Amino acid sequence: MADLSVKICDVDFKNPIIPASGVFGYGREYEELFPLSKLGGIATKGTTLNRRTGNLSPRIAETPAGMLNSVGLQNPGIDHFIEKELPYLLTKDVTILANIAGSTAEECVKVAEKLEKTDVHMIELNISCPNVKQGGAAFGTSCETAAEVTRQVRKATTKPLIVKLSPNVTSIADIARSVEDAGADAVSLINTLLGMRIDINTGRPILRNNVGGMSGPAVFPIAVRMVWQVANAVKIPVIGMGGVSSGHDAIELMMAGASAVQVGAAIFTDPFAPVRIVEEINDFLDSKGISSVNEIIGSVNPW
Amino acid sequence: MKYTQGKYIIIQKAAIARNIYSFTISCPEIARIAVPGQFVHIRADGFTLRRPVSICGIDPKKGSLRIVFEIRGEGTSAISRLNEGDVIDMLAPLGHGFTIDPDFEKVVLIGGGIGTPPMLPLAWIYGKKAVAISGFRNASAVILQEDFAGTGAETILCTDDGSAGIHGFVTQPLENLVKSGKIDAVFACGPAPMLKNVAAICSKNNIFCEISLEERMACGIGACLGCACKTKRNDEEYFAHVCKDGPVFNAEEVLW
């Protein structure tokens, strides 16, 4: 049994696998299937200052080796999260990343301030949601706005601050450097890629929002490339995600430079995916005689 | 246990109409707890998203479930190629089912097309107290009529083109039943326009009505919030989720 524990911004994870924000709600539904303590961490559903109703249906479409979603940040608001969801999650022996979002930098600041008084372990600031008209990806697609919202949230919290980056940009490494300079403690990437499908019988987009975020195995090579570029560009830890569906994929992202790995769409195919991936990472390390998962982080030997 | 995921053996497979398949699956732990109106979420090999399929039969003694589904696209096509003896990967039983009330003296079950299968477990429960109205496009799409007759329920068949049963929509016999005597509840599953019309008739006549909805779905258990459906509860509009809050909703709550 290899040592699977990792440390990010002085926060301990018993293993590097974290269900990504949005696929896992606040954990209750999956606890019916496995103990949450088997996970390294949980990135909770993106939460805003006030309750958001989200987008009209359909919000989901299948794509080759992947899917589109346009949920639109439906969530019950940060007060509900702090009162009803977080205390329960904090009893589960798993590291909690509170994913937060807002239409304005001020909203993000207010949400972070509310979390400051809680025992949540880390904040993951979403500057990359493709499904909301204001805020979301609008912050994440320029170095200036990404840095500005990071700087303001940084001032509002002493919690370790992870900034979740959009892949829908020309140079993700430049954005990563900007948020690092603005005070981010870590970055996570990639959020979904903006996509679209059309029903050719009706001429209508399948998603009611017309466009949505693409995820699943199809985006995995893009995630590997972006994690590698960002890990080479910044000194802060990188949390990788994007189409990971096996231990093999997770190890690949870690070799590219990820200190931990989030699992998203794979959980829809296999609800046990995060737990299975932890086991598969361990099997790989044992088969190679590697004693700690930390040895593979950034270990790619590029040509 | 509310639901579980596993691989289960298909013990019987039949093609029962064009592009419509019936699978009987050995899954004792699911059959023990499943209720009418719930669904199973089936992994389609090679696809990211599972496919939700309503439960058409529950046999806790034999430890089996029956599902009947239509090929709608590549995912359901892949599932239809599974054979007897193969394993099927299911996350189940999911969702909120129909109301079972022993005080109901007369209920009407309405199925439209591939919305007919989830009404069959209800027919087994309500038996002689039930009238099962089924509507199809034409005679070649008709399914499950002998099964409904076997439950003791009265059956009424309608087709859009008159090639079998009554020429017309399911709402015509429903209106006639409403006029001819007291109905305690109407349960329905089928295309949205049909459900909307059934709901309107029930609302006008003050009849308790539950409908089973369909929506594109990802997790199936209420975590991802993908399968939103606009509803009204306590006078407040709210996006409920078909997988967890439904698929069965009180018709009064659904905003069309």
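The following exercises, each with a worked solution, concern a predicted model.

**Exercise 1. The eight-stranded sheet of chain A**

Determine the strand order of the open sheet of eight strands in chain A, and state which strands stand at its edges.

Solution.
Step 1. The order is β3-β16-β15-β10-β9-β8-β7-β4 (chain A), and the pairing is parallel.
Step 2. β3 and β4 (41-43) of chain A each have a single partner strand, so one side of each is left without a neighbour in the sheet, and these two strands stand at the edges.
Step 3. On average, and with direction ignored, neighbouring strands of this sheet are turned by 25 degrees against each other.
Step 4. For one pair in detail, β15(A) and β16(A) run parallel and are joined by two bridges. Within this pair, A:Ile239 stands opposite A:Ala260 in β16(A).
Step 5. Helix α10(A) packs on the sheet, where it touches β3 and β16 of chain A, and its direction makes about 170 degrees with that of β3(A). Helix α7(A) lies across β10 (186-189) and β15 of chain A, running at about 175 degrees to β15(A).

**Exercise 2. Helix α8 of chain A and its surroundings**

Establish how far α8(A) is covered, and by which elements.

Solution.
Step 1. Eight of the 10 residues of α8(A) are buried, and the helix is thus mostly covered.
Step 2. The buried residues are A:Gly247, A:Asp249, A:Ala250, A:Ile251, A:Glu252, A:Leu253, A:Met254 and A:Ala256.
Step 3. The cover of these residues includes β3 (17-19), α7 (220-233), β15 (238-240), β16 (260-263) and α10 of chain A.
Step 4. Just after α8(A), A:Gly257 takes a positive phi of about 130 degrees.

**Exercise 3. Two helix pairs compared by angle**

Classify the packing of α8(A) with α10(A), and that of α3(A) with α5(A), as roughly parallel or roughly perpendicular.

Solution.
Step 1. Helix α8 (residues 247-256) and helix α10 (residues 273-288) of chain A pack at about 70 degrees, with their axes 8 Å apart. Because angles of 65 to 115 degrees count as roughly perpendicular, α8(A) is roughly perpendicular to α10(A).
Step 2. The crossing of α8(A) past α10(A) is right-handed.
Step 3. On the α8(A) side, A:Gly247, A:Ala250 and A:Ile251 meet A:Ile277, A:Glu280, A:Ile281, A:Asp283 and A:Phe284 in α10(A). Five nonpolar, one polar and two charged residues make up this contact.
Step 4. Helix α3 (residues 105-116) and helix α5 (residues 143-156) of chain A pack at an angle of about 25 degrees, with axes 8 Å apart. Because angles under 35 degrees count as roughly parallel, α3(A) is roughly parallel to α5(A).
Step 5. α3(A) passes α5(A) in a right-handed crossing.
Step 6. A:Ala105, A:Cys108, A:Val109, A:Ala112, A:Glu113 and A:Glu116 in α3(A) meet A:Glu148, A:Val149, A:Gln152, A:Val153 and A:Ala156 in α5(A). The residues of this contact divide into seven nonpolar, one polar and three charged.

**Exercise 4. Environment of A:Glu279**

Decide whether A:Glu279 is buried, partly exposed or exposed.

Solution.
Step 1. A:Glu279 belongs to helix α10 of chain A.
Step 2. Within 10 Å there are 15 other C-beta atoms, so A:Glu279 is partly exposed.

**Exercise 5. The four-stranded sheet of chain A and the contact with chain B**

Describe the open sheet of four strands in chain A, and the side of chain A that touches chain B.

Solution.
Step 1. The four strands are ordered β5-β6-β14-β11 (chain A) with antiparallel pairing. β5 and β11 (193-195) of chain A are the edge strands, and the twist from one strand to the next averages 35 degrees.
Step 2. β11(A) pairs with β14 (residues 212-215) of chain A over three bridges in the antiparallel sense, with A:Leu194 opposite A:Gly213 in β14(A).
Step 3. In the contact between the chains, 28 residues of chain A meet 25 residues of chain B. At least two residues each are supplied by α1 (28-31), β5 (60-63), β6 (66-69) and α9 (266-269) of chain A.
Step 4. The chain A side divides into 14 nonpolar, 10 polar and four charged residues.

**Exercise 6. Strand β2 of chain B**

Identify the partners of β2(B) and the extent of its burial.

Solution.
Step 1. Strand β1 (residues 4-17) of chain B runs antiparallel to β2(B), joined by seven bridges; B:Ile10 stands opposite B:Ile25 in β2(B).
Step 2. Two residues lie between the strands of this hairpin, in which B:Asn19 takes a positive phi near 65 degrees.
Step 3. β2(B) also pairs with strand β5 (residues 64-70) of chain B, antiparallel and over seven bridges. The bridge partner of B:Phe23 in β5(B) is B:Ile67.
Step 4. Six of the seven residues of β2 (residues 20-26) of chain B are buried.

How values were computed
Residues numbered from 1 in each chain as written. Chains lettered and ligands numbered in written order. Predicted model: local features only at pLDDT ≥ 70, side-chain atom pairs only at ≥ 80, totals over all residues. Buried ≥ 20, exposed ≤ 12 C-beta atoms within 10 Å, placed from the backbone. Pairing = 2+ DSSP bridges. Axes fitted to C-alpha atoms, helices over the stretch in contact; angles between N-to-C directions. Parallel < 35°, antiparallel > 145°, perpendicular 65-115°, else oblique. Left-handed = near helix turned anticlockwise from the far one by under 90°. Contact = placed C-beta atoms within 7 Å. Nonpolar A, V, L, I, M, F, W, Y, C, P; charged D, E, K, R; others polar.
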